[in-house]
Amino acid sequence: MDTILYFGARFDDLGLQRLADARVAEDGSIHYAATERAVTTRRRVLGIAEPERALGYLRHQAVDALLLDARGEGLAASTAFLDQVFPHGRMGGPILRQRVLAIVEPDGVEGAFALGHHGIGGVVAAEGGESVEAALSELLSPRGRGKIAICLAGGGIEGLLYELGVLRALESFLADRAIVDFDFFCGISAGAILGALLANGIGPDEVLRSLEGRGHRVDAIGKWDLFEPNVSEIGARLLRLASELARGGQGPRGALSSLARAVPTAAFSGRRLGAWLERQLERPGMANRFGDLHRPLYVGATDQDTSQAVLFSHEKHAHVPVHRAVQASSALVPFYPPVEVDGRWYVDGAFSRTTNMRVAARRGATLVILIDPLVPALGREPGYVRERGGIYGTTQGLKALINGRFDKANRAIAANFPNVAFHLFRPEADEMRILSGSPMKYFYRREVEEIAFEATTRKLRDQFVPIARDFRLHGVTMRDPDEGEPSSSSHQRLDASVLGA
């Protein structure tokens, strides 16, 4: 059964109660049967006139569509209510904009124009219950069901661990689907490493076991795989420095220019990390070619010389091995050096993009799970960052820059793709402090992952209604793992406290 929330003061004048097989329930809602393409669906329309009560219902109950009555004086109330449902500066609201239908007068051109600025799903002229029902059927048609995508940002080792904890928590709430069965994955930097494993059918639980040395499909990664000193580059640059200083230096400032060029590009070589990833993807049952993956993978990197974002996938650069593309995406200077691919040098994809959410939306995803660990800590007292030294301060500044860019971009992208449900998971409150500082927390990998798992579990419970609704629209059932039976019903008993009564 579809649940439609009607907001307005003319519920009795809607006309739906005069449809064939319609009846009015004890709570005043209208129930009727809608048939489309030989498929009959029961619908329930509940009317609420007070904005606070209607907003409370949207936030705490699963609603399939929102019906706004913008006839006459209802236009101002409808536009004001939309501002509450979709606050400025937020990615989304308790319902998709494309699931909002407004009713205007037959000659309500002005009202349709005003409501169009909010990017809602449609506007219908009130000519009776039949016209409203036809518009609702079009709005709720399953023909528009799209794909589910996972977009993973960067963030070093701690970022990968945080994303792993989020994915494990999310999968524990899925009753009939695994993360690896989602339609495709987008990854940047550390997210690209995790994305390559997911696209090969390696689930988050197996990745965690591998990090602990208990996995069967993926080898454990050692500290020297991650932290091999960049000795060869350091040696080469020192030899060149000695040669140039013997001649008085080289460059516009002589010895100073030579000294500046002698600084290595990174502290660690990254070669052993690339070799580890290549070994995993070349194992039986795995794929190191984009076209052979279990699910499509999109890897974002940054061209170091042009600062342009580059996308590796089966669509572009398909000849590049997956492990090489991922290594390029993960070249986080100054930890890892740039990576050469086809004569171009690439660095971490986070320098040009935070997540590839636009890529996901343009490739047909209508439900996108975004995981972004790159959030700066919020110090409670002045000097909190300064007291922790240069590495902490540099990391804090980098996260602040990337986070500010992402917050600005995600609002624009969400507005440009109103038919896409974006759900963002990122560190909040105490998580920010625990995940702050160096992004290379190898020795605290289990602790970071557990913190992310527990915090995400709480978030999923707090936001269960809208997340479960959006997954249900994509054919996936969610349930709280502590409650046993899946909760696939969209109808819950209305509690007075929810409506502010």
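User: Which residues of strand β7 make up its covered face, and which its uncovered one?

Analyst: In this predicted model, strand β7, which spans residues 122–125, has G122 and V124 on its covered face, whereas V123 and A125 form the uncovered one.

User: What makes β6 and β7 count as paired strands?

Analyst: Pairing requires at least two bridges between two strands, and four bridges join strand β6 (residues 100–104) to β7, so the two are paired, and they run parallel. One residue of β6 that can be followed across is V104, whose bridge partner in β7 is A125.

User: How do you know that β14 and β15 pair, and in which sense?

Analyst: Strand β14 (residues 365–371) and β15 are linked over five bridges in the parallel sense, and because at least two bridges are needed, the criterion is met. Within this pairing, L370 has L424 of β15 as its bridge partner. Strand β15 itself, residues 421–425, is mostly covered, with four of its five residues buried.

User: Why is T355 called buried?

Analyst: A residue counts as buried when its relative accessible area is under 20%, and T355 has 7% relative accessibility, so T355 falls in the buried class. T355 is placed in the loop between β13 (344–348) and α13 (357–362).

User: What does T355 touch, leaving out residues up to four places away in sequence?

Analyst: With those residues not counted, T355 touches C151, A153, I188, L370, I371 and F406; of these, L370 is the residue whose bridge partner in β15 is L424. As for G187, its C-alpha lies 7.1 Å from that of T355, although the two residues are 168 apart in sequence.

User: What makes a set of residues a nonpolar core, and which members of the largest one touch the most others?

Analyst: Such a core consists of buried residues of the listed nonpolar kinds, joined through side-chain atoms within 4.5 Å. The largest has 75 residues, among which L297, F312, F471 and M478 touch the most other members. Helix α5 (residues 156–172) supplies the largest share of this core, nine residues. A second, separate core holds 23 residues, including L46, A70, A102 and I120. In soluble globular proteins, nonpolar side chains tend to be buried together.

User: Which residues is L297 in contact with, leaving aside neighbours within four places in sequence?

Analyst: On that basis, L297 is in contact with F185, G195, A196, A199, F290, F312, S313 and V322. For the chain as a whole, 53% of the 501 residues count as buried, and of the contacts between residues at least 6 apart in sequence, 71% join residues at least 24 apart.

Notes: Residues numbered from 1 in each chain as written. Predicted model: local features only at pLDDT ≥ 70, side-chain atom pairs only at ≥ 80, totals over all residues. Heavy atoms only, no water. Buried < 20%, exposed > 50% of the residue type's maximum accessible area, 1.4 Å probe, protein only. Contact = heavy atoms within 4.5 Å.
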